[in-house]
Amino acid sequence: MLSINYNSASRNAVNQVGNAQTGIAKAMNALSTGNRINSAADDVAGSAMASRMQVQSNSLDTAVTNANMGVNLIQTMDGAMKETEELLQRMTKLTEMSKNDAYSTQDRDMMDQEFGALSSELDRNAQSANYNGISLINNAGNTAGSALFDKDISKGITFTASHDKLIFVVTSAAAPTTTAAADAAAKIVDPLVKAAKTAEDTAAAAADKAAAADTATKTAAAAAATAAKTAADTADDAVIKAITAPGAKAITVTFGTKALSANEIVGAINKQLKDAGVNANASINSEGHLKINSNDRVDGVKVGESTISTIMGSAVSETGLGAGKGTNGKSGFGDIVINVGSSGNSYDNIFLKTVNLSSEGLGLKGASLTNSTDLDETLSTLKKALDTVTEQRSHLGASQKRLTFASDNLQNVKNNTDASLSSIEDTDYAATTMQLAKEKVLNSASQAMLGQSNQMQSEVTQLLK
């Protein structure tokens, strides 16, 4: 239809010119900024995804920096602890020298002077160790409950039917137990523990008597021993059932009638702890004594109580593991937290334990070499102090390895995240330059067709002549 009021061909050409110019502007914007998405309108879903991934990339970058700073902090702590270890080794040597009667009293006095100076250096080293103004080892750290047995079992133990059971209770309460509640629990459990230990002693004596009995009385003695052991087992079960404190778990280890090495004993205990889902472990210290440590450290909030208590069973004897003594955990200087995550979850935190390595914290405050009767006790304390430092350095070494792996993993994740972000957000220059050329051609063609469509109206005048 030929008319002068409306020219649809011209209108379409105008629209095409506008579309082409919009396409040219979008392509030039993408080429000039390097970003495919310059506004949410360019790609609604892609814009939201790119924003989230950019936040994640930034967080990962910070986490890598945190991990590397954590490694530097650990190296500072380890250097200070290595100095502490060398001081303790020298103090141990001086103590061992003082036990030798070949040295005169004057010689021992000189050794004691050096010993006292080294003890003071322990305090100075503990007070001065810091990183960026953060004290590292000058305060007692949050500790966990532990139990130490007083017999050297490094050569192993041959367990018998009357000396083959170890029982203890691991408690990691989520909140501090009130005094009233603790007293009430003690009134129930303590009498049962005493009764159980009495029954165990009776069973052990009956077993020994049965072993030594002559042929005529062996049957009766064996029956009495069996009855006594049954009574002891019943008493043990009563103690276990009476453990009602929150977070308390009773662990029973039956070693059996056989010879076990120290490592096999530790393995049997750790298996029971793992099966019970308890966060604790057994080990042998440098003196060959069995030690059981809880790994739930008291912080007054998440863990208000950490103990290894109610140590009993027929294996706790002079012929077995020896008597066990528990030390309750306590709250102190907080752990140093290194955050290596981008999600804000608690498992992104790596905790560095802090310990008191001053002379007081290591039990050496006031120790002297002048009294020869105290030298064995001082030597034992020094060995325990060295165990503490060695254990702490091992913890730091493991944490440093963990931080190194975490840093490497974070860098890999960041690289992959940035690659994904680039594929979403960055301009593909090959495709965009091709699109720009297309839009320019379309723009030129549309403008040419707009001129042609405008000439169509003049054809009306030819009909009016």
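In this predicted model, helix 5 (215-242) gives the most to the lining of the largest cavity, with four residues. Helix 4 (179-212) is the other element that gives two or more residues to this lining. The space inside the largest cavity comes to about 90 Å³. The structure holds one cavity of 30 Å³ or more. Among the residues that line the largest cavity are Glu200, Ala203, Lys229, Ala232, Asp233 and Asp236. Ala161, Ser162, Asp164, Lys165, Gly313 and Ser314 also belong to the lining.

One of these lining residues, Asp164, can be placed in more detail. Asp164 sits in the loop between strand 4 (157-158) and strand 5. Its relative accessible area is 8%, so Asp164 counts as buried, the limit for a buried residue being under 20%. Leaving aside residues up to four places away in sequence, Asp164 touches Phe159, Val253, Thr254, Phe255, Gly256, Ser314 and Ala315. Of these contacts, Ser314 is also named in the lining of the largest cavity.

Strand 5, which follows the loop of Asp164, belongs to a sheet. This sheet is open and has three strands, in the order 6-5-10, with antiparallel pairing. Strand 6 (248-254) and strand 10 (305-312) stand at the edges. Each has a single partner strand, so one side of each is left without a neighbour in the sheet. From one strand to the next, the twist averages 20 degrees. Strands of a sheet pair through backbone hydrogen bonds, in either a parallel or an antiparallel way. Strand 5 (residues 165-173) and strand 10 run antiparallel and are joined by six bridges. Within this pair, Ala173 stands opposite Glu305 in strand 10. A helix also meets the sheet. Helix 6 (residues 262-275) lies across strand 5 and strand 6, and runs at about 140 degrees to strand 6.

Strand 10 also holds a residue with a notable backbone angle. Thr310 is found in strand 10, and its phi is near 50 degrees, a positive value in a residue other than glycine. Most residues other than glycine have a negative phi. Asn132 has a positive phi as well, near 55 degrees. Asn132 lies in the loop between strand 1 (130-131) and strand 2 (134-135). Its relative accessibility is 69%, so Asn132 counts as exposed, the limit for an exposed residue being over 50%.

A hairpin is formed by strand 8 and strand 9, with four residues between them. Gly288 lies in the turn and has a positive phi of about 85 degrees. The two strands, strand 8 and strand 9, pair in the antiparallel sense over five bridges. In this pairing, Ile284 stands opposite Leu290 in strand 9.

Both hairpin strands also take part in the lining of the largest pocket. The volume of the largest pocket is about 1,600 Å³. Its lining is made of 43 residues. Ser146, Lys291, Lys384, Thr388 and Glu391 lie nearest the centre of the pocket. Two or more lining residues come from each of strand 3 (146-152), strand 8 (280-284), strand 9 (289-294), strand 11 (324-327) and helix 7 (375-425). Helix 7 provides the largest share of the lining, eleven residues.

Another helix, helix 2 (residues 44-98), contains Lys93. Lys93 has a relative accessible area of 48%, so the residue is partly exposed. The C-alpha atoms of Lys93 and Phe115 are separated by 9.8 Å. Along the chain, these two residues are 22 residues apart.

The protein as a whole has nine helices and 13 strands. It contains 465 residues, and buried residues make up 37% of them. Among contacts with a separation of 6 or more, 78% join residues 24 or more positions apart. The accessible surface of the protein comes to about 25,100 Å². Carbon and sulfur atoms account for 53% of that surface.

Technical notes:
Residues numbered from 1 in each chain as written. Predicted model: local features only at pLDDT ≥ 70, side-chain atom pairs only at ≥ 80, totals over all residues. Heavy atoms only, no water. Pairing = 2+ DSSP bridges. Axes fitted to C-alpha atoms, helices over the stretch in contact; angles between N-to-C directions. Contact = heavy atoms within 4.5 Å. Buried < 20%, exposed > 50% of the residue type's maximum accessible area, 1.4 Å probe, protein only. Areas by Shrake-Rupley, 256 points an atom, 1.4 Å probe, with all protein chains shown as cover. 1 Å grid on protein atoms, 1.4 Å probe; cavity = no way out; pocket = protein on both sides within 12 Å on 5 of 7 lines; lining within 4 Å. Points joined across faces, edges and corners; volume = space filled by probe spheres on them.
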